[in-house]
Amino acid sequence: MDRYENRFFTVFKYASLILATIVVLFPIYSVFVGAFKTREEYYDSGLGLPDSFLNFDNFARVFEVGRLDVGFMNIITILLVAVCGNILLGSMVAYAVGRFEFKLKNSIVGLFLIGQLIPTITTQVALFSVVKGLMLYNKLAVAMVLYMGADVLQIIIYLQFVKSIPKDLDESAMIEGASLFKIYRSIIFPMLAPATATLVILKTISIYNDFTVPFLFMQAEKLQVVSTAISAFVGPNAAQLNLISAAIMVIFIPTVVIFLVLQRFIFAGVTNGAVK
């Protein structure tokens, strides 16, 4: 009886894995083959392979019509400022909260956590009023400010890592005459490298894929980013799905490269945390 039960669970295990793999890979396959098809071919062949994988007309058109080049320049500018700002502000706040005792410390940490629980969609009306009041509407700076200040994920990530760093390092540095900023710059921040790599990946992918902020607060065509550039291929009556597939493929490549480059830092951070 045990033999049949083990065989059943083995079959069930591999069947579940195969099904999960199909669910994950099917959208990628659909987008990939669709990117090389003409509009007529896309609707005629369904999920079949394109006539030629050397048809790059769709990729050329997404840059001409969708202005993906402008979208990439804007999103790169936003990412550089927003991610660097998140790293700087998040690590400094985590250092202050994690290393020093002061009144309302627990309340401040609690507010950070509560901020994560509030759905962002429920605050859009109030947020729009604040953006208008600050005269940031239809400016590239609005995305930078919102991505730095409207999310406290970076503080939570850094705070967990700061708490794992022994305070003896701070005390030894103080004996040597190091200032608090010197301790932060020379000891704390370098040891937060795994957390920084994790934050860079999470923030980059989140900002890169975000559609809400650019769509609501950056209506000018010159301010479009890669996520809003796809809307150029959606008309009132139909969508050019072959061009959308090509645009998704182009947009998809940088996120894969970033993850492959930085994933070893994340795994190293998880391993180090487990050892500690």
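Why is helix H11 largely enclosed by the rest of the structure? In this predicted model, 12 of the 17 residues of H11 are buried, so the helix is largely enclosed by what surrounds it.

**Figure 1. The whole protein is built from helices, with 14 helices and zero strands.** Read from the N terminus on, every element in the run is α. The C-alpha atoms fill a box of roughly 75 × 70 × 35 Å along the principal axes, and the radius of gyration of the protein is 24 Å, whereas a compact globule of 276 residues would have one near 19 Å. Of the 276 residues, 37% count as buried. If one takes the contacts between residues at least 6 apart in sequence, 72% of them join residues that are at least 24 apart. The accessible surface comes to about 16,700 Å², and 70% of this surface belongs to carbon and sulfur atoms. The protein carries 20 positive and 17 negative charges, and the mean positions of these two groups are 8 Å apart.

**Figure 2. Helix H11 covers residues 193–209 and is largely enclosed, since 12 of its 17 residues are buried.** At 1.5 Å a residue, the 17 residues of H11 should span 24 Å, and the end C-alpha atoms of the helix are indeed 24 Å apart, which agrees. The buried residues of H11 include the unbroken run Pro194, Ala195, Thr196, Ala197, Thr198, Leu199, Val200 and Ile201. Further along the helix, Lys203, Thr204, Ile207 and Tyr208 are buried as well.

**Figure 3. Helix H8, residues 153–164, is covered in part by H11 and has 12 residues.** From its first C-alpha to its last, H8 reaches 18 Å, which is close to the 16 Å expected at 1.5 Å a residue. The residues of H8 that are buried are Gln154, Ile155, Ile157, Tyr158, Leu159 and Val162. An α-helix has 3.6 residues a turn, so residues three or four places apart point the same way. With that in mind, the reader can look at how Ile155, Tyr158, Leu159 and Val162, which are among the buried residues of H8, are placed along the helix. What covers the buried residues of H8 includes H4, H5, H7 and H11, together with helix H10, which is made of residues 180–191.

**Figure 4. Leu216 of helix H12 and Tyr137 of the loop between H6 and H7 are in contact.** Helix H12 consists of residues 212–217, and Leu216 within this helix counts as partly exposed because its relative accessibility is 31%. Leaving aside its neighbours within four places in sequence, Leu216 is in contact with Gln124, Phe128 and Tyr137. Tyr137 is likewise partly exposed, with a relative accessible area of 27%. When its own neighbours within four places in sequence are set aside, Tyr137 is in contact with Phe128, Val131, Lys132, Leu216, Phe217 and Gln219. Two separations help to set the scale of this view. The C-alpha atoms of Leu216 and Phe252, which lie 36 residues apart along the chain, are separated by 23 Å, while those of Tyr137 and Thr122, which lie 15 residues apart along the chain, are separated by 19 Å.

**Figure 5. Leu104 and Asn138 have a positive phi although neither is a glycine.** Leu104 has a phi of about 65 degrees, and its place is in the loop between helix H4, residues 68–99, and helix H5, residues 105–117. At 62% relative accessibility, Leu104 counts as exposed, because the cut-off for that word is over 50%. Asn138 has a phi of about 60 degrees and is found in the loop between helix H6, residues 124–133, and helix H7, residues 140–149. The relative accessible area of Asn138 is 30%, so Asn138 is partly exposed. The loop that holds Asn138 also holds Tyr137, which is found between H6 and H7.

Key:
Residues numbered from 1 in each chain as written. Predicted model: local features only at pLDDT ≥ 70, side-chain atom pairs only at ≥ 80, totals over all residues. Heavy atoms only, no water. Helix = DSSP H or I, 4+ residues; strand = E, 2+ residues; numbered from the N terminus. Rg over C-alpha atoms; globule rule 2.2 N^0.38 Å. Buried < 20%, exposed > 50% of the residue type's maximum accessible area, 1.4 Å probe, protein only. Contact = heavy atoms within 4.5 Å. Areas by Shrake-Rupley, 256 points an atom, 1.4 Å probe, with all protein chains shown as cover. Lys, Arg positive; Asp, Glu negative; His and termini not counted. Charge placed at Lys NZ, Arg CZ, Asp CG, Glu CD. Expected span 1.5 Å × (residues − 1).
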